[in-house]
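Please open the model in a viewer and keep the selection panel at hand. The tour proceeds from the whole chain to individual side chains.

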Amino acid sequence: VLRAQPSVDLLDALVRNVPAGSTLVLIGRAAPPLSLARARVRPGVVDVTTAELALDAIRAREVVEAMGAELDDRMLDDVMRDTDGWPLGIRLVGSALAEGEVIGGEGPTADDAITTARSYAEVEWLRGLAPADADFLRKVSGLGWMSGALCDHVLEASDSGARLERLQSSGLLVAPLDRHGDSFRVHQVVRDSLDAALQRSDRQAHRRVHQRASDWFESVGEIDRAVDQALRADDVTRAGRLVVEHGALHHTRGRTQTVRRWLDELPKPHVLADPGLCLVAAVVSLGAGDGEAAAAWTRFGEHALASDRTECDSDIGARMRAMRSMLWIDPIEESLAMATQACDELPPGLWRAVACTTRGALSFALGDEPVAAAALAEGTAELHVVDAPTVEAIGLAHLAIVVGRTDEQERAVGLARSARRILSEHELEHMPTTALVTAVSALAEAADGDPGIARSEILLTRTHLAFLHSVADWHHMQARIALVRASMQLGDLVGARTLLRELECGAGACRPRRPPGRTLVAHHR
């Protein structure tokens, strides 16, 4: 209410000279333009901000139910997400739900009720904003996370940082996301509706805003946000390119669910027609332990690659060969040949390193230990440089097994522990495909370490193996061989015999395509 400078000066003087025994209360939608910093250091001064006033889920449910409406858990989650606990917004939702139930018929959904709150917020909160500020918020609200640099890039402006700080300090629409004032967001209750309003009124401007935001997020390495903004712009081609370029590496860093979400948000026909996206889908399926799905996606990718209509990365064929060799869906000699060819064709990076480690593992399975050691060492070195911890740990575990065949037992134990340490540092122990790493760790601890840790690693490995379905049989079998040896070191002969029977099933009648005498069990026993 107080806007004129003389009135503000008078209030400022009053704040600075409150007599003893008096209490002054200032209430408003915005921080008052007063010199309150000195007042805040005095005892008895309390700041109550929107964060303290926001209702939690329990209180929100109580408010709505007291108004005669009901919220199930799903609706409550939607209300809390879209209102941020704003008390009046929750009351408006409750009123809309209760009114619908009184009138009868089909009651309103949570979305219908939240629309009421959004309409109120748009009218009340945008009222009084300068036209330039209102236009600014309509254009940037859909970005979610905002900074001055991002908004400057999107709008081709130079004053966005100062504008965001002013809007944050003078109203409810913009909230800070950190203590440094570097990042902000528009209140959730109006964010989506403002973005939708821009899309309705100027579709080209809406598309341009989100495309430029995607470009900026990609430039700073925020790939998840870059994909989201590309999808908001309906730019499926750009989103697909980002997933192809970054999906496999994100997966190796334990962000499998993020990559899966990207794939789910892309149109399925687009994924099936793009060999790179099929390859990423195969990687995600492999990471989930579903080898059959990984093989199916690989075949879809090969089909898309063979299509005359497909334009793709020149390296995609070699990546596909690296993936197929890792799955070992062909006879082992053919898989090794594909891995070797991929190593020769691919430039240094994640996929060449994957091909090298696969070549090393398959060479060892066929008894060529020198080639296996060299390929695994080369592959793990590249994986360390590109920061692909999951695959690096698996490669080091394979190398530990190869080195363990020689007299370098101390080095083998060191490699096994290095592989296990990578999983711990990156919190990747939950991934089933790391079974070989935990199995080799169990062997190292049983032979030269803590028996208790070894037993825990055996249990964790058995859990991982239970979730793997038709995934790279050499991976399965190497892990079980390591568990057999660890069980024997611990004196658990019953466990060792059980694992041997499982191995014989996998290497015998269950997998008849491999030549006798060339199986992993025959090689190691």
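The stops below begin with the overall fold and end at the cysteines.

Begin with the entire protein in cartoon representation, bearing in mind that this is a predicted model. The cartoon shows 29 helices and two strands. The radius of gyration is 30 Å, well over the 24 Å given by the globule rule for 525 residues, so the protein is more spread out than a compact globule. Aligned on its principal axes, the C-alpha trace spans about 95 × 60 × 55 Å.

Next, display the contacts within the chain. Of those with a separation of 6 or more, 62% join residues 24 or more positions apart.

Now switch to the molecular surface. Its accessible area comes to about 25800 Å², and carbon and sulfur atoms contribute 52% of this. Buried residues constitute 47% of the 525 residues.

Select the charged side chains in turn. There are 57 positive and 75 negative charges, and the mean positions of the two sets lie 1 Å apart.

Finally, select the cysteines. How many disulfides does the count give? The count comes to zero. Centre the view on Cys 343, which is in no disulfide: the nearest cysteine sulfur, that of Cys 356, is 3.4 Å away, whereas a disulfide requires sulfur atoms within 2.5 Å. Is Cys 343 buried or exposed? Its relative accessibility is 4%, so Cys 343 counts as buried, the cut-off being under 20%. Move last to Cys 278, which also counts as buried, with a relative accessibility of 0%.

Conventions: Residues numbered from 1 in each chain as written. Predicted model: local features only at pLDDT ≥ 70, side-chain atom pairs only at ≥ 80, totals over all residues. Heavy atoms only, no water. Helix = DSSP H or I, 4+ residues; strand = E, 2+ residues; numbered from the N terminus. Rg over C-alpha atoms; globule rule 2.2 N^0.38 Å. Buried < 20%, exposed > 50% of the residue type's maximum accessible area, 1.4 Å probe, protein only. Contact = heavy atoms within 4.5 Å. Areas by Shrake-Rupley, 256 points an atom, 1.4 Å probe, with all protein chains shown as cover. Lys, Arg positive; Asp, Glu negative; His and termini not counted. Charge placed at Lys NZ, Arg CZ, Asp CG, Glu CD.
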